[in-house]
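Open your viewer and get ready to click along. We will go from one selection to the next, with a word at each stop on what is there.

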Amino acid sequence: MPLPAVTTNVVCMTTSASLPAESTPQASSGDSVTDRLVAANRQYAAEFADPGMDARPVLHVAVVACMDARLDLHKALGLELGDCHTIRNAGGVVTDDTIRSLTISQRALGTRTVILIHHTGCGLESLTEDFRHELEDEVGQRPAWAVEAFRDVDQDVRQSMQRVRTNPFLPHRGDVRGFVFDVHTGLLREIDPAS
């Protein structure tokens, strides 16, 4: 698949708020969301043909992004099945588990490029580490993980780029770029790591 020419640092992305009525899985009103998704999978599997692909991404790229449901990464970036590894978490933050996935992606499966995508209006901008304390009060145990909340999305992208570029487990740290997706316009804005 030929790659589109990139002439600016802005890429158009789209979001999807809901499935079209004709693609909504048929289920009775008492079915759970999981039941509806399993029914959709049966429809998908009925027409599925094994693409015969290797587990290695064709474009040798790993995309780290927020789990926000408004980001349709494959469609927005013009990616097809098999083109990339997609690693998603709350905020798209580079955590120890993200590094684990990137290390496997690079060392075992051949990726060379890392793209980081945060977005405007992220839920992590309204949280603090108090979230962990509240959980501890509720369940009697403090989570081992950090919330990774932030106030400045641009700075958090820079921090995530720095975490990738300085991690000794990652052999390919030179081609790392970070972006902020605007949930209202669908555009990616590239973040200068030096600003």
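**First stop: a cysteine**

Select Cys84: its relative accessibility is 11%, so Cys84 counts as buried. Keep in mind as you look around that this is a predicted model.

Now pick Cys122, which counts as buried because its relative accessibility is 6%. Which cysteine sulfur is closest to the sulfur of Cys122? That sulfur belongs to Cys66, and at 4.2 Å the pair is too far apart for a bond. A disulfide is a covalent bond between the sulfur atoms of two cysteines. With a cut-off of 2.5 Å for such a pair, the structure holds zero disulfides.

**Zoom out: the whole chain**

Switch to a cartoon view. You will find five helices and six strands in the protein. Starting at the N terminus, their order is β-α-β-α-β-α-β-α-α-β-β. Of the 195 residues in the protein, 33% are buried. Turn on a surface, and about 11,900 Å² is exposed, with 54% of it supplied by carbon and sulfur atoms. As for contacts between residues at least 6 apart in sequence, 66% join residues at least 24 apart.

**Into the core**

Next, select Leu102, Val114, Leu116 and Val164. Within the largest nonpolar core, which has 22 residues, these four touch the most other members. To see where the core comes from, colour β2 (61-66), α3 (96-109), β4 (113-119), α5 (153-165) and β5 (176-181): each supplies at least two of its residues. The most comes from α5, which gives four residues.

Stay with Leu102 for a moment and show what surrounds this side chain. Which residues is Leu102 in contact with, leaving aside neighbours within four places in sequence? They are Ala62, Val64, Ile87, Val114, Val164 and Leu170. Apart from this core lies another, of twelve residues, and Cys84 from our opening stop is among them, as are Val63, Phe181 and Leu188.

**Last stop: a buried asparagine**

Finally, select Asn89 in strand β3 (residues 84-89). Is Asn89 buried or exposed? Asn89 counts as buried, because its relative accessibility is 17% and the cut-off is under 20%.

Display polar contacts here. The Asn89 side chain reaches the backbone oxygen of Val93 at 2.8 Å, and it also makes a polar contact with the side chain of Thr98 at 3.0 Å. Widen the selection to the residues that Asn89 touches, not counting those up to four places away in sequence, and you get Ala65, Cys66, Met67, Thr95 and Thr98. Cys66 is the residue whose sulfur lies 4.2 Å from that of Cys122.

Technical notes. Residues numbered from 1 in each chain as written. Predicted model: local features only at pLDDT ≥ 70, side-chain atom pairs only at ≥ 80, totals over all residues. Heavy atoms only, no water. Core = buried A, V, L, I, M, F, W, Y, C linked by side-chain atoms within 4.5 Å. Buried < 20%, exposed > 50% of the residue type's maximum accessible area, 1.4 Å probe, protein only. Contact = heavy atoms within 4.5 Å. Areas by Shrake-Rupley, 256 points an atom, 1.4 Å probe, with all protein chains shown as cover. Polar contact = N/O pair within 3.5 Å; in protein donor to acceptor, adjacent residues only side chain to side chain.
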